[in-house]
Amino acid sequence: MKTTLAVIHAEDSPNVAVRRPRYQIYRQGQAGNYHPEFGTDSADEAVEAFLATKPAFEGGAMHLWDSQEQRSGASVRWGTVETEFGFAVCRRINIFHDAALGSMARQVLEREALRQEIQQSAGMSV
């Protein structure tokens, strides 16, 4: 008995529904187009991944897209800060358009700061 295996990509078949994750991170490439980077249905995971993801280039845009709400839950804006030597450098500013996602981000950053503080104090006592 001969069997044939066919691989069908969901994007190529109109009869197959493609399930997209609720939250998707998009990074802007230098050519100006956006590339999907990370997707999940968990808001916590999405916020942590957004905070950890670096833009493709300095000054590049990034968005956390909520496909259920059909809007951006967070984005990156760039500001310039002058160093003590007088050099202007770009600084990433995370803007959360959704209050719940912003609250989660605050908790993630507080947890990370506490982890670093514990790590430093453990290193000093050794």
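**Briefing: a five-strand sheet with two helices**

Arg19 is exposed, with a relative accessible area of 61%. Its salt-bridge partner is Asp41, and the closest N and O atoms of the pair lie 2.6 Å apart. The two residues sit in distant parts of the chain: Arg19 in the segment before S1 and Asp41 in the loop between S2 and H1, 22 residues apart. The model is a predicted one. The protein chain has 2 helices and 5 strands, arranged from the N terminus as β-β-α-β-β-β-α.

**Chain as a whole**

- The protein chain has 126 residues, of which 25% count as buried.
- Its accessible surface comes to about 9,400 Å², and carbon and sulfur atoms account for 52% of that area.
- Of the contacts between residues at least 6 apart in sequence, 42% join residues at least 24 apart.

**The sheet**

- The 5 strands make an open, antiparallel sheet in the order S2-S1-S3-S4-S5.
- S2 (34–40) and S5 are the edge strands; each has a single partner strand, so one side of each has no neighbour in the sheet.
- From one strand to the next, the twist averages 25°.
- Helix H1 (residues 43–52) packs on the sheet and touches S1, S2, S3 (62–66), S4 and S5. The direction of H1 makes about 175° with that of S5.

**Strand pairs, in sheet order**

- S2 and S1 (residues 23–28) run antiparallel and are joined by 6 bridges. Within this pair, Ile25 has Phe38 in S2 as its bridge partner.
- S1 and S3, also antiparallel, are joined by 5 bridges. Here Arg27 stands opposite Met62 of S3.
- S3 and S4 are antiparallel and share 4 bridges. His63 has Ser75 in S4 as its bridge partner.
- S4 and S5 are antiparallel, with 9 bridges between them. Trp78 is partnered by Arg92 in S5.

**Faces of S3**

- Met62, Leu64 and Asp66 make up the covered face of S3.
- His63 and Trp65 make up the uncovered face of S3.
- Two of these residues also appear in the strand pairs: Met62 is opposite Arg27, and His63 is bridged to Ser75.

**Hairpins**

- S3 and S4 form a hairpin with 4 residues between the strands, in which Gln70 takes a positive phi near 55°.
- S4 and S5 form a hairpin with 5 residues between them; in its turn, Gly86 has a positive phi of about 90°.

**Nonpolar surface patch**

- Val81, Phe85, Phe87 and Val89 make a nonpolar surface patch of about 410 Å².
- Phe87 belongs to the loop between S4 (71–82) and S5 (88–96).
- With a relative accessible area of 56%, Phe87 is exposed because the cut-off for that class is over 50%.

**Salt bridges**

- Side chains of opposite charge can pair when their charged atoms come close.
- The structure holds 6 salt bridges, including the Arg19–Asp41 pair described above and the two that follow.
- In the Arg19–Asp41 pair, Asp41 counts as partly exposed at 44% relative accessibility, whereas Arg19 is exposed.
- Asp98 and Arg71 meet through their side chains at 3.2 Å, N to O. Asp98 lies in the loop between S5 and helix H2 (99–125) and Arg71 in S4, so this salt bridge ties together parts that are 27 residues apart in sequence.
- Asp98 is buried, with a relative accessible area of 16%; buried means under 20%. Arg71 is partly exposed, at 32%.
- Arg115 forms a salt bridge with Glu112, the closest N and O atoms being 2.4 Å apart. Both residues are in helix H2, and because they are 3 residues apart, about one helical turn separates them.
- Arg115 is partly exposed, with 40% relative accessibility. Glu112 is also partly exposed, with a relative accessible area of 32%.

How values were computed. Residues numbered from 1 in each chain as written. Predicted model: local features only at pLDDT ≥ 70, side-chain atom pairs only at ≥ 80, totals over all residues. Heavy atoms only, no water. Patch = residues over 30% accessible without salt bridge, like charges linked within 9 Å, V, L, I, M, F, W, Y side chains within 5 Å. Areas by Shrake-Rupley, 256 points an atom, 1.4 Å probe, with all protein chains shown as cover. Salt bridge = Lys/Arg side-chain N within 4 Å of Asp/Glu carboxyl O. Buried < 20%, exposed > 50% of the residue type's maximum accessible area, 1.4 Å probe, protein only. Pairing = 2+ DSSP bridges. Axes fitted to C-alpha atoms, helices over the stretch in contact; angles between N-to-C directions. Contact = heavy atoms within 4.5 Å.
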